[in-house]
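Please look through the sequence and the model below, and then follow the paragraphs after them, which move from single residues to the cores and the surface.

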Amino acid sequence: MSHPTPTDDAAPGAHVPPAVPPAAPRDGVTGTRAAPRLTVETSRFWAGAAATALVAGLVGAVGVLLLERVLGVDLRPDGGGSAMAPTVLGSALAALAAAALLHALVVSTPRPRAFFGWILALATLVATLLPLTGPDDRGSGIATGVLHLLVGIATWSLLTGVLGWTVRRVVA
């Protein structure tokens, strides 16, 4: 038994062109093809960004509780009290800043995910290494750096996931 081909239904000798994907729409003025660009579903993106900020703050809170209260590591050896408030607030604000950067990259640059990944990886590395550069207790610096690393990883993974669900390719 043979499978029908496009020419089986055509009149004998008729030529049936092969199926091709549709071309991008042409500009009505110049006749050139319009280039696709990325756009973001803004309300869903920023809802995801807010949720990411909440998670980043909670990662900071869990880290401070574990390090200060369970393991007895002094994250603020300068005697400034608990690191809870600055860590939670700083983590949430850093996640929102990363979301703003990602949104700006999507609407302005080619390959925004690649640029975002590099920028966030390097910023997280700086935040991880910076506590080790001071004259403070080395154990406190290592613990703070690890906490910053975890917040950076959580922020990166959640925001790239949010972007995957909210970015669209449109023909302009």
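In which helix is Met84 found? In this predicted model, Met84 is found in helix 2, and with a relative accessible area of 24% the residue counts as partly exposed, because buried would require a value under 20%. Leaving aside residues up to four places away in sequence, Met84 touches Ala61, Val64 and Leu65. The C-alpha atoms of Met84 and Gly60 are 7.6 Å apart in space, although 24 residues separate the two in sequence.

From here the path leads to the nonpolar interior. The largest nonpolar core has 14 residues, and those with the most contacts inside it are Phe45, Leu102, Val106, Phe116, Leu159 and Leu163. Helix 1, helix 2 (84–108), helix 3 (112–129) and helix 4 are the elements that give two or more residues to this core, and helix 2 supplies the largest share, 5 residues. For one of the core residues, Val106, the contacts beyond four places in sequence are Leu38, Val40, Pro112, Leu163 and Val167. Separate from this core is a second one of 6 residues, which includes Leu75, Ala83, Ala143 and Leu147.

Phe45, one of the residues with the most contacts inside the largest core, also takes part in an aromatic pair. A search of the whole structure finds 1 such pair, formed by Phe45 and Trp46 in an edge-to-face arrangement, with 5.4 Å from centre to centre and 85° between the planes. The two partners can be set side by side in terms of accessibility: Phe45 is buried at 0% relative accessibility, whereas Trp46, with a relative accessible area of 30%, is partly exposed.

Is Thr52, which lies in helix 1 (residues 42–70), buried or exposed? Thr52 is buried, because its relative accessible area of 2% falls under the 20% cut-off. Not counting residues up to four places away in sequence, Thr52 touches Ala95, Thr155, Leu158, Leu159 and Val162, and among these Leu159 is also listed with the residues that have the most contacts inside the largest core.

The last stop is the surface, where Ile142, Val146, Leu149, Leu150 and Ile153 make a nonpolar patch of about 420 Å². Leu149, one of these patch residues, has its place in helix 4 (residues 138–166). Its relative accessible area is 35%, so Leu149 is described as partly exposed, a class that lies between the 20% and 50% limits.

Technical notes: Residues are numbered from 1 along each chain as its sequence is written. This is a predicted model: local features need pLDDT of at least 70, side-chain atom pairs count only at pLDDT 80 or more; totals for chains, interfaces and linings use all residues. Side-chain values use heavy atoms; hydrogens and water are left out. Buried means under 20% relative accessible area, exposed over 50%, partly exposed in between (1.4 Å probe, protein chains only). Contact means heavy atoms within 4.5 Å. Patches are made of residues with over 30% relative accessible area and no salt bridge: like charges are joined within 9 Å, nonpolar side chains (Val, Leu, Ile, Met, Phe, Trp, Tyr) within 5 Å. Accessible areas come from the Shrake-Rupley method with a 1.4 Å probe; for residues, only the protein chains shown count as cover. A salt bridge is a side-chain nitrogen of Lys or Arg within 4 Å of a carboxyl oxygen of Asp or Glu. Helices (H or I, at least four residues) and strands (E, at least two) are DSSP runs, numbered from the N terminus. Rings of Phe, Tyr and Trp (its six-membered ring) pair if their centres lie within 6.5 Å; planes under 30 degrees apart count as stacked, over 60 as edge-to-face and the rest as tilted. A nonpolar core is a set of buried Ala, Val, Leu, Ile, Met, Phe, Trp, Tyr and Cys residues joined through side-chain atoms within 4.5 Å.
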